[in-house]
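Colleague: I should be grateful for a close reading of one part of this model, set against the chain as a whole. Please state the cut-offs behind each term as you use it.

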Amino acid sequence: MTSTVKTVHELDHVTRRAHRGDNVIIVLQDLEPGEWIRVPESQAWHLRWTVLEGHRIASEHIPTGTPLLSWGLPFGKALRDIEPGEALFNEATLRDLRLRGTGWVIPNHPNFSDWHAEFTIGSGTVRVTEQVPLHDSPGTFQGFDRGSRRGSGTRNHVVILGVSSRVAGFIRLMEKSIPDGWKKQHGDFDGVRAVHHTEGGSQHRENNHELVLRTLAGWVTHPNAGAVLLVDEGGEPVNNASLLAFMKAHGYPLEDVSHRCMSIGGRPVHECVGRAREILDTMVRSAGESKRTARPLSHLRVALQCGGSDAFSGMSGNPLAGLMAREILRHGGAANLAETSELIGAESYVLARVRNIEVARQFMDMVHRFQEMAGWHGHSAEGNPSGGNIFRGLYNIIIKSIGAANKKSPDVRLDHVIEYSEPMKESGFHFMDSAGNDLESIAGQTASGCNMILFITGNGSITNFPFVPTLKIVTTTQRFNFLRKDMDINAGEYLDGMPMEELAAQSFDHMVRVAGGQLSTGERAGHSQAQIWRTWHLSGPEDLAAVLSMDQPDGKPVPVHDRMDPSGDLPAVRLPEPSRKYHILVPTSLCSSQVASMFADELSERYPDLHFRALAHTEGCGVSRGPSEELFVRTMSSYATHPLAQRVVFLEHGCEKTHQAEFRDYLKRTGDDPARFSWMSIQGDGGLDAVRSKIYQWPSVSESISGGREGKVSSPILAVMPGFSGDSNAVPDEVGRMLLQHIADLIHKMDGSVVMAENDPVLSWVAERLSIRVRVTLPYGGSIRHHGFHVMEMPTRDRTEILTGLEASGAVWCLTNGGVPHPGISQCLSLTSGAPSPVLYAMDADGLSGQEELLAFQITRGNQGFSL
């Protein structure tokens, strides 16, 4: 027999058991078919299938219908008898591995199904206990005294905060224009931080309106903010006035914060930049006078967060963070556990120790509310695990939740249950309602008062928040060494043999030093991002039926009457030639978006004669699957094959739902060759520096893809932005006549296309005059393949989201009202009244006087989008 054995492994060298009562064990390294595992006092196990690191194998015979147990809790049910040493596969795992298509040997059918059980509060399921005891002599850290109502800061930043999505471009411009001396830590001043987000800028009040205000209020009064400059446009639903009124009504200590407000609506960009810098200059000088002093550790508020989780998160990283949080509680501080969807299935563990029964009921009420809201959109928590989670051994939401819950140490009780971004007013262990999307959840935790973030990652997430330090705890030594420059703490040392209590003591001391001013790895790297829990469109089950009954666009244009200017006194249509093509960085998820922006800036300096665009966005991580995910992949792929795209690189974070394989598969299905593009992965290529070295060579070594994909219309395409001339009753006669001539000439004389949004008030005016029978022809973010007049579905009223969808059609020009937002890559045109005739002029990036930095890009989630 030995002549046929390729490799024999010792059981305790290649596996770990999470809990002594488990009937499955976790594999520590990739194992191949044909290899053997030697088992003490038993027959060796012969491996039939590929078993990836972090996946599980049966440790005993498991009869059909028997629960599969990990951490002593069920996560699956055997579909047939499973033999010792047999690898485990559910349908989601098989689907993900097939999509990645790397030649693994896997079965055709799953051997277990996901576990489904409803937890109820009953006899023996919840225990009311005391909290862990306080230390006799609580410790201190070097922090900033912000007064009794704000507590103590771990940092001293000046924050320029964009109040709504409408000013995101301006905030990005300010971020680039901040002098280097203001960005870096010097003395007890930790630098200026610019924060922008995607919410509050729609044309009407969204479902998350109060949630957004509460988050912004928490950021303004955060103890890490030495001063805050609030910036709005002026007329959006969430603006400076509404934020200040909310803070006053809800008792936020605004008067304890040095703050100023400014509005940029209708003002020249350069003037606004100058005014903002004057204000910041005063704030920087004032904040620089604050000094660190000894502050009690009871003022530490620790956010417990995870992202890019793997099978080892629940064995090493999460228990380590749990012990660090436990120590904070013993010093009188607070800890904040979030991500509601990622605790579903682990309710019995979370509620094993609680302050009182009412806390347990509040927790379960929030779980049920979250499930109900997801159901409104046609989703459930089962859609939470990302492709990266599944690839690294987290088969379903149950096993992911069981591991995630270990961020609460077993002897720690749950003290408080709070809403998203609700302030933590007491010490103890808190649960905060939130989505499972890392960044959306962190935004709420920081707004609730967390001044330190413990971020546990298996794959190696590089997430950082702008003004609160993040300590990234990686679960295995192998991943830590691979991504050493981007990680802070190696929890894998526990798996290598270090006692957990010893590792926790070392890690806690490191956290205290970082709280006292030592820079975290992420702070040294200089990248961060913020994202508030995005709004949701549906507010009840009845709304979903209407969405599901909508017809799907067929991509075929609607006929347009060949009507020219009847008076003959309008000039011939002349559209300016596009002035440039772009090297486009396409982030495959939210978590690689900020890095893509950082790389685009660096490439612009390195190659000044080339033009770079990073299409930073908010999707691909915690958003629901189904239509919203399809919308996202379709939109980004349309930009990758846009006529103005010269070279394209897809930049993957590595643990997202929409990883590279998702985009490769979509491009193949829609008739494109993925080999025409460049592909890079932050986690897969070894971290930021490794990707940076590759991307610096990209413009010179990759081939041009100019011309878009084969079969895609290369004729001229004009997108008409809603509001370019007001509402349907206010289209000036001369402007209207010229618009109609442009539409007719583009279609009938130039074999071109025009695309308008289905909710554009001007659409009915145009349709009546050109005898157009209006119907939706394109899905949101879809590219035009048949020239003519198109109407794009538009499940949003946010101006930037509308513009992003229209531009994805392949539009080379975008007709706007001359204001912001400015398109991402197309040329902005403005059609205005003039004498003796209307004037069409190009707002080229070179002539925008700073508006080239106000570029807009933001994808809608569609009607069914919901953060899981």
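What percentage of the 868 residues of the chain count as buried? With that as background, which residues of helix α13 are buried, and which elements do they pack against?

Modeller: This is a predicted model, in which local features need pLDDT of at least 70 and side-chain atom pairs count only at pLDDT 80 or more, while totals for chains, interfaces and linings use all residues. Residues are numbered from 1 along each chain as its sequence is written, and side-chain values use heavy atoms, with hydrogens and water left out.

Of the 868 residues, 63% count as buried; buried denotes under 20% relative accessible area, exposed over 50%, and partly exposed the range in between, with a 1.4 Å probe and protein chains only. The radius of gyration of the chain is 28 Å, which agrees with the value near 29 Å for a compact globule of 868 residues. That radius is taken over C-alpha atoms, and the globule rule is 2.2 Å times the number of residues to the power 0.38. Along the principal axes, the C-alpha trace spans about 95 × 70 × 55 Å. The chain contains 25 helices and 33 strands; these are DSSP runs numbered from the N terminus, helices being H or I with at least four residues and strands E with at least two. Among the contacts of the chain with a separation of 6 or more, 76% join residues 24 or more positions apart, a contact being heavy atoms within 4.5 Å.

Against this background, helix α13 occupies residues 438-447, and because 10 of its 10 residues are buried, the helix is largely enclosed by the rest of the structure. The buried residues are D438, L439, E440, S441, I442, A443, G444, Q445, T446 and A447. They pack against helix α5 (209-220) and against the strands β17 (301-306), β18 (334-337), β20 (428-432) and β21 (452-457). The N-terminal end of α13 is capped by N437, with a side-chain oxygen 3.1 Å from the backbone nitrogen of L439. After the helix comes G449, which has a positive phi, near 120°.

Strand β21, one of the elements that α13 packs against, includes T457. At 0% relative accessibility, T457 counts as buried. The side chain of T457 reaches the backbone oxygen of G307 at 2.9 Å, inside the limit for a polar contact, which is a pair of N or O atoms within 3.5 Å; within protein, one must be able to donate a hydrogen and the other to accept it, and residues adjacent in sequence count only if both atoms are side-chain atoms. Apart from its neighbours within four places in sequence, T457 is in contact with G307, G308, I473, V474, T475 and M487.

Two further residues extend the picture. The first to consider is S152, in strand β11 (residues 152-153), which is buried with a relative accessible area of 1%. Setting aside residues up to four places away in sequence, S152 touches F141, F144, P223, R295, H299 and N451. The side chains of S152 and R295 make a polar contact at 2.9 Å. S152 and R301 are 149 residues apart in sequence, yet their C-alpha atoms are 9.5 Å apart in space.

The other is K408, placed in the loop between α12 (397-404) and β19 (416-418). K408 is buried, with a relative accessible area of 1%. Residues up to four places away not being counted, K408 touches Y349, V350, R353 and F429. The side chain of K408 also reaches the backbone oxygen of V412 at 2.6 Å. The C-alpha atoms of K408 and M373 are separated by 26 Å, with their positions 35 residues apart along the chain.

Helix α24 (residues 761-769) may be set beside α13: its buried residues are V762, L763, W765, V766 and A767. At the start of α24, a side-chain oxygen of D760 comes to within 2.9 Å of the backbone nitrogen of V762. S771, which follows α24, has a positive phi, near 55°.

To return to the part requested, α13 is largely enclosed, since 10 of its 10 residues are buried, in a chain where 63% of residues count as such.
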